[in-house]
Structures are given as structure tokens and as C-alpha cells.
Amino acid sequence: MQPKTKYSQKMHEPAVKKILYWCDNCNIPLIGRTCACGVRSRAVRLLQPYDVRPALAADMDLISGLLTEQFGDIPLPKVVLLNKAGGVDRADLIIIHGYRFGWLTFDPVAREFNLDIDPDALPYVLPYVEHGIVNLEVETDVNGHGRRIGGKRFSLTTPRSNGTVIISYKDLFGTGVIKDGSIRVKKLIPVEPQSCPDPDWDEVIEKNQYHLKGLERNAVRTIRRYMNARPSVNVSFSGGKDSTVIFHLARRAGVEDAFFIDSGIELPETREFVAAHGIKVIRREDSDFFKAVEEAGPPGKDNRWCCNHLKLQPLKDHLSDIGPCVTIQGNRWYESWNRADLDVTNQNPENPLQLNISPIRHWRALEVFLYIWWKDVPINPLYDRGLERIGCYLCPAALEAEYERLREMHPELTGRWDEFLERWAKERGLPDAYHQWGLWRWQVLPPKMREICRDHGILLNDDYTVRSEEP
């Protein structure tokens, strides 16, 4: 058994926040139990991994566009939250007015976004709906099916396009899904139209300022507690929102040195953002991803050779020059299950010279954005353009939804990667789905992708790798 060291604080179970607090009086989300207005808050249950974030400019445009297409010109409030959840690709639970509004998902096969509204959204949506309503008594064979309607499937008597619709039946409303000439009713409820205050994010920050001050105070205190544990101290800066907050907090604690590891396949906006902060850039001059990938093949979520080659090795080389150090980083519990038990301090197993400090490990993305806006800290512009995760533009851990957005923003970058993937697949007799649907992101496909392949006739080997189509 390893003895506990001075800088080891092992936690048996992290205090992951599984609920969000909401002030109905102010109609704002809270990062603590109390609102500055003094009214008792309401608990909103979140979905795993419990990370909730503001819907930014591109998110709002996307949701608004889908709503307009399906139901008409429906106004969105200024404060909209997204709760990331598990799915085939992007899957976000939309939270509006502290209630489930619907699901925003991306289909990697059809290459399109879908919006499925929740019955809880109907009190706010119905007053504005212009189309997309199905009257069960008029357009289906509902008569003769008994009194129970919810959960049943009915045949349509008039043609309708596939997708989510609003359902009316007598004095009840609900939502349903049309598919191939029939409609499945989810649930029917009585609906009373509602209106709510429409605060902006400035008011959210104002009412949460007490809690934000506490988060800042504790993070700066943590940095100061451990920053002198090694001869030198620095900040690991990635160009993303979490490292941006850490960089700001470290400056408040008196830490000036920071470094950015350039993999050579970073986005130009990120490089410009790093340069604007005057941060030291580290890069191996002999590292060329496109040369290495010809031999190693595409990296995967289950085979991240690119990280070792483009990130970890340059870091080792850098640390060998500066010696033992404390590195302050922006890792958070909510980013992945691998980080769900992250301690405040961690001895880097890959680099024994480095003691990592994670002062915001218990922050959600909501806290991160609120702090950035509160302190008016510049942030990478890629977030407002539709990316949730900032990193290498061809990272296998990214979502296909994000990669599709990158195709629009930087076709000169994604085009080169697409050409490689298509050639790699063709030379090995792999189906087009390998590069078109993002199957290359795994060596061994997970259950959700196996199901998609089965449904679309893509053959797999016994070890769940994609099978060659050649005889």
C-alpha cells in the first residue's frame, strides 16, 4: 500500500452535482442553492455526465432555425441551457425556464440535426405555433382504440412528413413522432399557456455573484497552497475555456508562466488566441502528423497514439529542460468518466517531474462560462461559432456534429483529412461509411455504433472492427 503524501488528497467519490438550482422568481439558473433575490430555489435534475452549459450564439441560431422549420416563429428566451447527454453523436437536453424543453441531436448517417420538443415545452410554445400540429381526431384512426392514447401508435389518414409534431386531442396536448405513415403518441396533458420573465446573462451573473466569488476565492487559495511544492510553477494552456479560466485564476495567485503545446494540427483561431496572450508555444519540429498517420493509421478514441506523439512527448522534452514543476491545469470532473475521480493534486505518471493541480475540477461548464463573463475574460471565438470542445481539428474524440461545422469553417483543413480517410478506406476495401459516418474514430466500435452498422447493413468482424468489402 502506498503511503499518503503531503500532496495526496484521495477522494472516495467526487461530489458531482447532479442537480441544477433554478430561481422561478427571477427565472434564472443558480450555481448554488440561494438566489440574491431571497426566494427559495427549485431543483432541476440533470442527466449524466451532469455537465450543463449556456447555449451560445451558434447553438441559439440552430435551435431557433429548427423550431421555425417545424412549428413556426417561436421566440427563445435569452437564457437557454444545454445538458450534454449520452447518444450516438451530439445529444443535448435543452433546458428553458428550468424545465425540459427538448432534445437536440445529430444523426451522423443523415448528417443532420434534429429537435424533439418535450411536453414540458408546450405551455411556452403553443401560443406561437403556426404549423406542425396533428389533430388526432381529424388526421388519424384514433376512434375505436379505447380511452388510453399515450404510448400508442396510430395510422395517419392524411400524408405527413416524418419527424416530431405537436398533438392535440380533445382538450389535451402532447408530442409525437411521425414515421412512415403512422404517429406514435408520447404523452397527452392539459396545457395552460405560460409567460415568464426574460432575463439576460448579465442578470444571471448578478444573482450568482456571491457563489462566483466563493468559487474564485477557493480556486486561488488552492493554487497558492500548492504552487511552491516544486521549484517552479506554470499553467498548461490549451486555448479552451477551462484553461482560459485557469490562466486568469493563476495570474490572480501570482503565477505568470504558461505554455501551449502546438500539435501542428490546431485550428488557426486557437493559435491566434494563444498568441494574443503572449503564451510560450512548445512544438517538436520533427513531429508531422500527416507523415506519421501514413504508417500508424487514423488515431481513435481507443487508440490515441496522436496524443503521445504530438502532445506528451513535446511536454516531456519541455519538462526535461525546466526540471521539477507544479503545473496548474483546467481539468474538470464533468469532462469524462476518466476524470470523475480527479484529485486536487496528481503526480503525472507520464512525467514524474510534474505535479498537476486542478483547482476547478468541481466546476461545471456553466460555472466556467459565468466566471468568464463576470470577469470579462477574452475567450476563444470558436465557442460562439458552434464548437463545444476546442482541440486539434481532426481529433478522434470530437463529435461528427462538430466536424461537420469545421467543414464549413475550414474546408482547406478538413479537406486534407477527408482525402486521407477516403484513400485509407479505399486501399483497404472498407465501406464508405468508414469515413463518411465517422467510424474511423474507433478501432473497435462501441455498442451504439455497432447498432447503426447493423441497421444499415455495414458488416463487422468478430472483434467489432469494420469488415473489408473485398472478397
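Two strands pair if DSSP finds at least two bridges between them. Keep that rule at hand for these exercises, and remember that the model is predicted.

## Exercise 1: A pair of strands

Find how strands E12 and E13 run relative to each other, and which residue of E13 stands opposite Gly176.

**Solution.**
- Step 1: Locate the strands. E12 covers residues 172-179, and E13 covers residues 182-189.
- Step 2: Look at the bridges. There are 7 of them between E12 and E13, and the sense is antiparallel.
- Step 3: Pick out one position. Opposite Gly176 you find Val185 in E13.
- Step 4: Step back to the sheet. E12 and E13 belong to an open sheet of 5 strands, ordered E9-E11-E12-E13-E10, with mixed pairing.
- Step 5: Check the edges. Strand E9 (133-135) and strand E10 (153-155) each have a single partner strand, so one side of each has no neighbour in the sheet. On average, neighbouring strands here are turned by 40 degrees against each other, direction ignored.

## Exercise 2: A second open sheet

Give the strand order of the sheet that holds E7 and E8, and say which strands stand at its edges.

**Solution.**
- Step 1: Read off the order. The 5 strands follow E4-E5-E6-E7-E8, and their pairing is antiparallel.
- Step 2: Find the edges. E4 and E8 each have a single partner strand, so each keeps one side without a neighbour in the sheet.
- Step 3: Add the twist, which averages 30 degrees from one strand to the next.
- Step 4: Zoom in on E7 and E8. They are antiparallel and joined by 6 bridges, and Trp103 stands opposite Asp116 in E8.
- Step 5: See what lies across this sheet. Helix H10 crosses E4 and E5, running at about 30 degrees to E4.

## Exercise 3: Checking the length of a helix

Test whether the span of helix H1 (residues 57-71) agrees with 1.5 Å a residue, then list its buried residues.

**Solution.**
- Step 1: Take the expected value. The 15 residues of H1 should span 21 Å. The rule behind this is 1.5 Å times one less than the number of residues.
- Step 2: Compare with the model. The end C-alpha atoms of H1 are 21 Å apart, which agrees.
- Step 3: List the buried residues of H1: Ala58, Asp59, Met60, Ile63, Leu66, Leu67, Gln70 and Phe71.
- Step 4: Look for a pattern. An α-helix has 3.6 residues a turn, so residues three or four places apart point the same way. Among the buried residues of H1 are Ile63, Leu66 and Gln70.
- Step 5: Ask what covers them. The cover includes strands E4 (52-54), E5 (81-84), E6 (91-96), E7 (99-107), E8 (112-117) and E11 (163-169).
- Step 6: Look just past the helix. Gly72 follows H1 and has a positive phi, near 115 degrees.

## Exercise 4: A helix between two strands

Describe helix H6 and the unit it makes with E14 and E15.

**Solution.**
- Step 1: Check the span. The 13 residues of H6 (residues 241-253) should span 18 Å, and the end C-alpha atoms are 19 Å apart, which agrees.
- Step 2: Judge the cover. Of the 13 residues, 10 are buried, so H6 is mostly covered. Among the buried ones are Val245, Ile246, Phe247 and Leu249.
- Step 3: Name some of the cover, including helix H5 (209-226), helix H7 (268-276) and strand E17 (325-328).
- Step 4: Join the strands. E14 and E15 run parallel, with 2 bridges between them, and Ser236 stands opposite Phe259 in E15.
- Step 5: Name the unit. E14, H6 and E15 form a right-handed β-α-β unit. Another right-handed β-α-β unit is made by E15, H7 and E16.

## Exercise 5: One residue in a strand

Is Asn234 buried or exposed, and which side chain does its own side chain contact?

**Solution.**
- Step 1: Place the residue. Asn234 sits in strand E14.
- Step 2: Use the cut-off. Buried means under 20% relative accessible area. Asn234 has 1%, so it is buried.
- Step 3: Find the polar partner. The side chain of Asn234 makes a polar contact with that of Thr327 (2.7 Å).
- Step 4: Widen the view. Beyond its neighbours within four places in sequence, Asn234 contacts residues including Val255, Asp257, Phe259 and Ile328.

Key: Residues numbered from 1 in each chain as written. Predicted model: local features only at pLDDT ≥ 70, side-chain atom pairs only at ≥ 80, totals over all residues. Heavy atoms only, no water. Helix = DSSP H or I, 4+ residues; strand = E, 2+ residues; numbered from the N terminus. Buried < 20%, exposed > 50% of the residue type's maximum accessible area, 1.4 Å probe, protein only. Contact = heavy atoms within 4.5 Å. Polar contact = N/O pair within 3.5 Å; in protein donor to acceptor, adjacent residues only side chain to side chain. Right-handed = clockwise from strand over helix to strand, strands pointing away. Axes fitted to C-alpha atoms, helices over the stretch in contact; angles between N-to-C directions.
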